[in-house]
Number of protein chains: 2
Amino acid sequence: MRVIDEMGQRAQIASRQLSIAGEAKNDALKAIAKALTENVGKIMEANRIDLENGRNNGLSAALLDRLTLNESRIQGVADGVLEVAALPDPIGTVISGSTRPNGLEITKVRVPLGVIGIIFESRPNVTVDAAVLCLKSGNAVILRGGKEAIHSNKCLTAIMQDAVESAGLDRNAVQLIEDTTRQSSIELMELTEYLDVLIPRGGKGLIRAVVENAKVPVIETGAGNCHVFVDESADIAMAANIIYNAKTSRPSVCNAIETILVHENIAEKALPAVKARLDEKNVELRGCEKTRAILGDSVIPAEEKDWETEYGDYILAVKVVSSLEEATAHIARYSTGHSECIVTSNYQNAKKFVATVDSAAVYVNASTRFTDGGMFGLGAEIGISTQKLHARGPMGLNELTSMKFIIEGDGQIR
Amino acid sequence: MRVIDEMGQRAQIASRQLSIAGEAKNDALKAIAKALTENVGKIMEANRIDLENGRNNGLSAALLDRLTLNESRIQGVADGVLEVAALPDPIGTVISGSTRPNGLEITKVRVPLGVIGIIFESRPNVTVDAAVLCLKSGNAVILRGGKEAIHSNKCLTAIMQDAVESAGLDRNAVQLIEDTTRQSSIELMELTEYLDVLIPRGGKGLIRAVVENAKVPVIETGAGNCHVFVDESADIAMAANIIYNAKTSRPSVCNAIETILVHENIAEKALPAVKARLDEKNVELRGCEKTRAILGDSVIPAEEKDWETEYGDYILAVKVVSSLEEATAHIARYSTGHSECIVTSNYQNAKKFVATVDSAAVYVNASTRFTDGGMFGLGAEIGISTQKLHARGPMGLNELTSMKFIIEGDGQIR
């Protein structure tokens with residue numbers, strides 16, 4: 001039997017205990033938070049090896065920063081664990097119920113998914129974040145992190161396993177795949193016998209690879225080619241403010257915008273106002289011909305690929321459109337279905353945009369940066385789904401659950 | 001561009017119109033029902049070609065029966081379409097909503113999935129059933145039916161397309177893949193650019209092939225290795241009645257049982273009573289050694305594979321167990337997660353069985369045959385999901401939908 005099958009089997013056994021665990025799950029979470037705080041030195045020691053290897057292998061400064069665990073970051077992770085412990089337990093919630101004419105009492109209740117796989121890049125904070133969300137929702141988890149963080153991940157996982165065990169639960173509720181070759185990823189993607197769902201967390205390449213190769217059910221997360229459409233009736237100052245916020249407050253995240261579409265009847269007034277704000281952060285503009293006719297040659301001519309690109313950077317594509325319909329058609333063609341916004345003062349246009357645009361989050365007069373589990377009041381977030389099956393938009397604890405029907409009778413037959 | 005890509009593109013365009021169609025969807029359904037009734041002769045003529053080809057190709061009597069469309073069956077399909085038209089429209093339902101502290105109004109509303117693919121075997125009634133459920137829930141559908149029914153399917157699809165068009169909707173809301181080679185199935189399974197979900201309807205082999213090969217999200221349906229556990233406190237007459245019903249009322253369906261587990265403390269009394277009922281229909285029993293010690297040599301010795309097999313026939317595996325725990329462990333090992341039942345008079349045991357057994361439908365004192373969209377009050381059923389993601393158990397119209405977040409503000413930024 002392969003290592004991965006043994007892990008799957010152990011996870012399935014642990015998941016059965018977890019599915020009916022109740023308060024012990026919170027005990028485990030609190031024990032994890034405590035152990036993280038108490039083992040800061042040990043964690044930083046393990047992390048130091050990863051950082052050294054990373055530097056030797058020429059990792060970029062940005063990647064090294066994401067890989068780094070220092071005392072305040074570890075404390076931040078521990079605080080996050082306590083916040084998850086304080087959330088209501090989704091398991092056992094009655095979703096709906098009825099008594100049928102034949103007297104059968106049917107209740108639909110929330111249950112864990114079972115065993116969740118998480119594939120992610122070299123961000124050791126994700127190791128803990130993802131594991132505790134799975135635990136809280138009664139699921140066993142198999143983690144497959146990036147190879148650059150392997151020492152940190154091994155240390156964090158061992159700490160979590162001991163904490164889980166101290167709460168009377170099966171330590172195999174949290175497992176880490178220590179083999180970081182490509183082969184181990186593929187094995188996890190094909191583990192149909194044990195895995196109920198696989199969630200990739202990371203960049204486009206990782207997500208694409210999982211969607212293409214997985215035989216287990218996958219929840220696609222993260223890709224965000226987001227748009228703001230400035231309608232002809234928009235308040236220009238509001239539009240500029242929203243665009244500035246949605247582009248520059250954190251350009252690398254998936255709910256940042258990449259393209260703005262501006263109605264031609266407002267473009268001459270709106271574009272200079274928008275540009276003035278974006279110039280504060282030296283945002284590079286790539287515009288259509290009409291945009292360049294208004295803003296001048298400092299705007300780089302946009303090419304087809306600019307409409308498709310998630311820059312994740314201080315770059316914004318700009319297109320002047322002749323109608324709301326042209327804007328929504330552009331979005332339908334190029335959007336990844338994450339978040340889009342209309343800035344408008346026209347009631348009917350707001351309604352039409354909301355009805356027509358097929359994305360997880362559709363905004364009227366607000367920044368797309370709000371697409372986030374915390375901001376939406378979900379309390380925690382495992383990722384943002386850009387697919388339509390099972391979960392769409394920010395995924396909280398409920399999105400890590402399934403349900404079952406319980407049918408109680410007194411001998412009914414059909 | 002491949003034919004399948006053109007179909008996908010057309011379906012996506014049709015799905016946009018459908019997603020905001022409202023009452024026109026019901027007009028289309030009523031037009032389909034009317035057209036089916038008016039075109040009985042034409043449909044039977046097309047079906048006759050399929051039946052003749054089927055006989056020439058040596059199809060079994062059972063398969064030929066499933067392939068057959070006669071006047072009363074066509075009328076039955078048309079009546080079913082009208083029933084779906086009469087159901088409430090799931091689209092636009094507000095699932096939840098709140099106003100956030102910053103004044104953002106967030107509403108989660110039900111929207112269609114988009115484009116649904118259905119792969120099914122040679123049952124032409126499914127062609128219409130599946131298409132109208134997709135239409136009613138605002139989805140465009142691409143159908144890929146079994147090759148034996150191709151003439152029937154082409155005729156039915158053309159009738160549906162004309163009816164859809166007569167209601168002012170895009171006829172490409174319903175499309176049939178006319179190429180019935182294996183290649184066309186594979187292409188559909190890999191159509192990630194256009195397909196939001198693929199639902200296989202049919203036998204184990206078909207479903208396995210789809211799960212193994214699909215790159216698009218799949219909802220697994222149908223496999224049912226279902227169990228009844230007769231607890232030591234069971235009412236024996238009730239147990240025998242439930243087992244008789246769950247095994248013999250329709251052995252070929254997925255909610256029929258395949259194995260019973262009987263507590264050793266009641267086995268000597270219960271097994272003869274159960275056998276007496278099953279003998280009425282000449283059900284073949286395959287039992288463990290303890291079963292054979294009680295019921296005698298007429299019971300065939302059960303082998304490992306008997307616990308795994310979905311007979312779909314008048315055959316039942318029987319095992320004597322020493323405890324509820326042994327019963328639930330057996331179910332955890334062999335069940336396909338469809339439907340399981342405990343017959344008991346013990347409150348704690350009922351609770352424990354329900355909490356421990358991880359299947360879509362868990363019964364206390366009622367026949368597993370009730371696992372069905374109609375019986376559960378869903379009004380219609382596209383299939384029974386045996387996976388945990390998105391949908392579990394009978395899938396009605398809601399399970400053919402997704403949701404989106406609508407966020408309304410007055411200039412909020414983050």
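## A sheet across two chains

In which sense do strand 16 of chain A and strand 13 of chain B pair, and over how many bridges? In this predicted model, the two strands pair in the parallel sense, over 5 bridges. A:Ile407 stands opposite B:Tyr363 in strand 13 of chain B.

The sheet that holds both strands is open and has 10 strands. Its order is 1(A)-2(A)-16(A)-13(B)-12(B)-7(B)-8(B)-11(B)-9(B)-10(B), and the pairing is mixed. Strand 1 (94-99) of chain A and strand 10 (300-301) of chain B stand at the edges. Each has a single partner strand, so one side of each is left without a neighbour in the sheet.

## Around strand 16 of chain A

Strand 16 (residues 401-412) of chain A also pairs with strand 2 (residues 105-112) of chain A. That pairing is antiparallel and spans 8 bridges. Here A:Lys108 stands opposite A:Phe405.

Helix 15 (residues 347-356) of chain B lies across strand 16 of chain A. The helix also lies across strands 7, 12 and 13 of chain B, running at about 160° to strand 13.

## The contact between chains

In total, 55 residues of chain B are in contact with 55 residues of chain A. On the chain B side, strand 16 of chain B gives the largest share, 11 residues. Other elements giving two or more residues include helix 9 (204-213) and helix 10 (236-248) of chain B. By class, this side has 26 nonpolar, 17 polar and 12 charged residues.

## Domains of chain A

Chain A is divided into domain 1 (3-220 + 390-408) and domain 2 (226-374). Their centres are 35 Å apart, taken over C-alpha atoms. Contact involves 5 residues of domain 1 and 5 of domain 2. The domain 1 side has 2 nonpolar, 2 polar and 1 charged residues.

Definitions and conventions
Residues are numbered from 1 along each chain as its sequence is written. Chains are lettered from A and ligands numbered from 1 in the order in which they are written. This is a predicted model: local features need pLDDT of at least 70, side-chain atom pairs count only at pLDDT 80 or more; totals for chains, interfaces and linings use all residues. Two strands pair if DSSP finds at least two bridges between them. Helices (H or I, at least four residues) and strands (E, at least two) are DSSP runs, numbered from the N terminus. Two residues are in contact if their C-beta atoms, placed from the backbone, lie within 7 Å. Axes are lines fitted to C-alpha atoms, for helices over the stretch in contact, and angles run from 0 to 180 degrees between N-to-C directions. Domain bounds come from an automatic or database domain assignment. Ala, Val, Leu, Ile, Met, Phe, Trp, Tyr, Cys and Pro count as nonpolar, Asp, Glu, Lys and Arg as charged, and the others, Gly among them, as polar.
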